[in-house]
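Q: I am new to this structure and would love a close look at one part of it. Could you take me to the pocket and then walk me through the surroundings?

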Amino acid sequence: MKLFLDTANIDEIRTAASWGVVDGVTTNPSLVAKEGKKFIDVLNEITKIVNGPVSAEVVSVKAEDMIPEGRTLAKLHKNIYVKVPMTTEGLKACKQLSSEGIRVNMTLVFSSMQALLCAKVGAAFVSPFIGRLDDHSQTGMEIIAEIVKIYRNYSYKTEVLVASVRHPVHVKEAAMLGADIATIPFSVMEKLPTHPLTDLGLDKFLKDWQKVPKA
Ligand code: G3P
């Protein structure tokens, strides 16, 4: 399973990347706005740190504008994936960009039928937002199960990228369901390596080691 970091914060990306567990990065306009830096500068920094897919989102709403915007983003670096919103305009843009060899990440996906359409227009990634569904009393993980099943039924190549992850159980469930990727905020990523029993166990080993006679 691939783990992406869902952030535009360079310190967070540098830290998690140093652990060797970051396969890619996803950004969105809200995450970029929090950093107070120019979008292009943020993307340049990220692509220097992480050697894997980096999602950069278009902000146009009409396909005729999304397409040139996507082309410009894709030209910035070989690892840029163009994030396009799941609208009918987005589907048109995805179809065109994909036909040009530009990898598209379809975002703001909230149903398996939206995901089916994303696969049909050649999206490289589909991003279902599970946390936001949970926020509305719908179990987000259910649509991950549906999408994984539908994509396997028809051998679609589109990878399922679980987004809007809020806690480690989301990551575990995504992995159990066979999702290809989870994109994780740093606050969740830093919880994954830790367990109080690991700390207690290490403490005891180090204390006991003091009792071993040294040469
Ligand atoms: O990057 C898209 C997605 O992961 C956003 O998550 O927490 O704002 O719903 P969230």
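A: Here is a friendly tour that begins at the pocket and moves outward from there. Please keep in mind that this is a predicted model.

Let's start with the largest pocket, which holds about 360 Å³ of space. Its lining is made up of 21 residues, and those nearest the centre are Asp6, Asn28, Leu31, Lys34 and Pro185. By class, the lining has seven nonpolar, seven polar and seven charged residues. Two helices, helix 2 and helix 10 (186-189), each give at least two residues to this lining. Helix 2 supplies the largest share, with four residues. As for how such a space is found, rolling a probe the size of a water molecule over the atoms shows where empty space is left.

Now look at the loop between strand 2 (24-26) and helix 2 (29-35), where you will find Thr27. With a relative accessible area of 1%, Thr27 falls under the 20% cut-off, so it counts as buried. A polar atom of the Thr27 side chain lies 2.7 Å from the backbone oxygen of Ser55. Beyond residues up to four places away in sequence, Thr27 touches Thr7, Ala8, Val32, Phe39, Ile46, Ser55, Ala56, Glu57 and Lys83.

Another threonine worth a visit is Thr183, which sits in strand 8 (residues 181-184). Thr183 is buried because its relative accessibility is 1%. The side chains of Thr183 and Thr26 are joined by a polar contact of 2.5 Å. Thr26 also appears among the contacts of Thr183 when neighbours within four places in sequence are set aside. The others in that list are Phe4, Leu5, Asp6, Leu161, Val162, Ala163 and Val165. Asp6 is a useful link back to where we began, being one of the residues that lie nearest the centre of the largest pocket.

Phe4, another contact of Thr183, leads us to the aromatic rings. Together with Tyr81 and Phe125, Phe4 forms one aromatic cluster.

Across the whole structure, a search finds six aromatic pairs. One of them joins Phe110 and Phe129 edge-to-face, at 5.6 Å centre to centre and with 65 degrees between the planes. Phe110 belongs to the loop between strand 5 (104-109) and helix 6 (112-120), while Phe129 belongs to the loop between strand 6 (125-128) and helix 7 (130-135), so this pair ties together parts that are 19 residues apart in sequence. The two rings' residues differ in exposure: Phe110 is partly exposed, at 28% relative accessible area, whereas Phe129 is buried, at 7%. Tyr154 and Tyr156 form a tilted pair, 6.1 Å centre to centre with 40 degrees between the planes. Here Tyr154 is exposed at 56% relative accessibility, and Tyr156 is partly exposed at 26%.

To finish, let's turn to the backbone. Most residues other than glycine have a negative phi. Ser137 has a positive phi, near 60 degrees, and lies in the loop between helix 7 and helix 8 (140-153). At 75% relative accessibility, Ser137 is exposed. Ser164 has a positive phi near 60 degrees as well, and its place is the loop between strand 7 (159-162) and helix 9 (168-177). Unlike the exposed Ser137, Ser164 is buried, with a relative accessible area of 9%.

Key: Residues are numbered from 1 along each chain as its sequence is written. This is a predicted model: local features need pLDDT of at least 70, side-chain atom pairs count only at pLDDT 80 or more; totals for chains, interfaces and linings use all residues. Side-chain values use heavy atoms; hydrogens and water are left out. Buried means under 20% relative accessible area, exposed over 50%, partly exposed in between (1.4 Å probe, protein chains only). A polar contact is a pair of N or O atoms within 3.5 Å; within protein, one must be able to donate a hydrogen and the other to accept it, and residues adjacent in sequence count only if both atoms are side-chain atoms. Contact means heavy atoms within 4.5 Å. Rings of Phe, Tyr and Trp (its six-membered ring) pair if their centres lie within 6.5 Å; planes under 30 degrees apart count as stacked, over 60 as edge-to-face and the rest as tilted. On a 1 Å grid over the protein atoms alone, a cavity is a set of points where a 1.4 Å probe fits but cannot get out, and a pocket is an open set with protein on both sides within 12 Å along at least five of seven lines; lining residues have an atom within 4 Å of a point. Grid points are joined across faces, edges and corners, and a volume is the space filled by probe spheres set on the points. Ala, Val, Leu, Ile, Met, Phe, Trp, Tyr, Cys and Pro count as nonpolar, Asp, Glu, Lys and Arg as charged, and the others, Gly among them, as polar.
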